[in-house]
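This report looks at annotated positions, charged side-chain pairs and backbone geometry in one protein chain. The sequence and the structure come first, and the discussion follows.

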Amino acid sequence: MSKRIQSFFQPIPKKPKVGPTSPDPSQPSNPLNIQHQHQQQELEEQEEQPPPLTHHSSYPFPIPSLSPHLSKALTNISTTLNPPKPITNHPHLDLLYFQPLLPPQTAKTLFYFLRNSLPFYKVQYTIHRGKTPTKITTPRFTTVFGVDATSTFTADQEKTTLLDTKINLPIPKTKYKCNPRPIPPCLDHLRQVVQTATQTPKDYYNFILINYYASNTDSISYHSDDERFLGPNPSIASLSLGAKRDFLLKHKPGVEAGSPLKFPLASGDMVVMRGETQANWLHSIPKRAGEGGGRINVTFRRALVVGGTENYYRYNVGDGGVWRWDDKKGRMVSVDEEGEKGIGSG
């Protein structure tokens, strides 16, 4: 990492501490007031501290943790959770629809935090239609964290150490072509919230994929998440943050037809696709006319074998450069290009 990029992540200088106001000698001292002053001072000092950064050799730059306020808001979700709507009155469809999972202010704060804090990628890959190669550029920004069920990360956040799940020993260096990345604490907290809300076993979701739709022209075409590495009847939770976008579902060709469905997902809404859904239905986020703000989609899933890890990193990280959000420019910028000029320069 270049010195200029490193300097971008240095802690914000602390403000000078201001001691409690000296008591008026003409007034009797009140222990409760003094205790309150100390507590208030401690809270102010905590707010001044920037969230700690998670360093890992597989991250292109350090990833901040959640602020205490946002962390507390997510922790409290389970006490204010609205029950989901089960959508099961269509053939081979099993959905849970949380409307919403997160309250508006928490969803808004989380959207800005994730957009500002995570590395994103604009992946390019080649497909072959017959003998003709076609280069595809993913029409959205993507990123991914996690590893399949055959491996697990050690607790050491400073090293990329993967252990074989069965024998608890380091895996061979040749096991993966890609470079799996552990789920950072900020996303792990969100994963725990989702697992609690969906009554999913602890650590069931071992992958988090994130899409950033920068505008209404960013999209994802009809597809199903029915890869063999997910196993039969996978559960996939999909949380929306930011601008409202339509989530469309339709039956696969040749499958017993049901009516197409549309869910206008607002910020904080979540859909969980379970059971036979992936085997029989397709889903998409289509382009929209006009201007629209950015949208982040956080998906939680479980990959069972090595092929899942290779697939997710190939199509969500790829070989391209790293992008991150620049508040001054109001858009994603290339970290490599900005590193040459100074990150965040106008």
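In the UniProt record, an unreviewed entry, the annotation "binding site" covers N211, Y213, H223, H283, R295, T299 and R301. The coordinates discussed here belong to a predicted model, and the annotation itself may be inferred rather than shown by experiment. Two of the annotated positions, Y213 and T299, can be described in terms of their surroundings.

Y213 lies in strand β11, and with a relative accessible area of 1% this tyrosine is buried, because the value falls under 20%. Leaving aside neighbours within four places in sequence, Y213 is in contact with R140, D218, S219, I220, R245, I285, G293, G294, R295 and N297. One of these partners, R295, is itself covered by the "binding site" annotation.

T299 is placed in strand β18, which spans residues 295-301, and its relative accessible area of 4% makes T299 buried as well. When residues up to four places away in sequence are not counted, T299 touches F207, I208, L209, A237 and S238.

**Salt bridges**

Searching the whole structure yields five salt bridges. Three of the pairs are set out below with the separation between nitrogen and oxygen.

| Pair | N to O distance | Separation in sequence |
|---|---|---|
| D94 and R274 | 3.1 Å | 180 residues |
| R191 and D203 | 3.5 Å | 12 residues |
| D226 and K252 | 2.7 Å | 26 residues |

The salt bridge between D94 and R274 links distant parts of the chain, with D94 in the loop between β3 (85-87) and β4 (95-98) and R274 in the loop between β16 (270-273) and α7 (277-280). R274 is partly exposed, at a relative accessible area of 28%.

In the pair formed by R191 and D203, R191 belongs to helix α6 (residues 185-197), whereas D203 sits in the loop between α6 and β11 (207-213). The two side chains also differ in burial class: R191 is buried at a relative accessible area of 11%, while D203, at 42%, is partly exposed. This pair does not stand alone, since D188, R191 and D203 are linked in a network of salt bridges.

The salt bridge between D226 and K252 likewise links distant parts of the chain, joining the loop between β12 (220-223) and β13 (236-242), which holds D226, to the loop between β14 (245-251) and β15 (261-265), which holds K252. Which of the partners D226 and K252 is buried, and which is partly exposed? K252 counts as buried at 14% relative accessibility, which is under the 20% limit, whereas D226 counts as partly exposed at 40%.

**Backbone geometry**

The peptide bond from Q99 to P100 is cis, with omega near 0°, and P100 is found in the loop between β4 and α5 (104-117).

Positive phi values in residues other than glycine occur at N168, where phi is near 60°, and at Q199, where phi is near 55°. N168 lies in the loop between β10 (162-164) and α6, and N168 is exposed, with a relative accessible area of 52%. Q199 has its place in the loop between α6 and β11, and at 73% relative accessibility Q199 also counts as exposed, because that value is over 50%. The loop between α6 and β11 thus holds Q199 and also D203, the salt-bridge partner of R191.

Key
Residues are numbered from 1 along each chain as its sequence is written. This is a predicted model: local features need pLDDT of at least 70, side-chain atom pairs count only at pLDDT 80 or more; totals for chains, interfaces and linings use all residues. Side-chain values use heavy atoms; hydrogens and water are left out. A salt bridge is a side-chain nitrogen of Lys or Arg within 4 Å of a carboxyl oxygen of Asp or Glu. Helices (H or I, at least four residues) and strands (E, at least two) are DSSP runs, numbered from the N terminus. Buried means under 20% relative accessible area, exposed over 50%, partly exposed in between (1.4 Å probe, protein chains only). Contact means heavy atoms within 4.5 Å.
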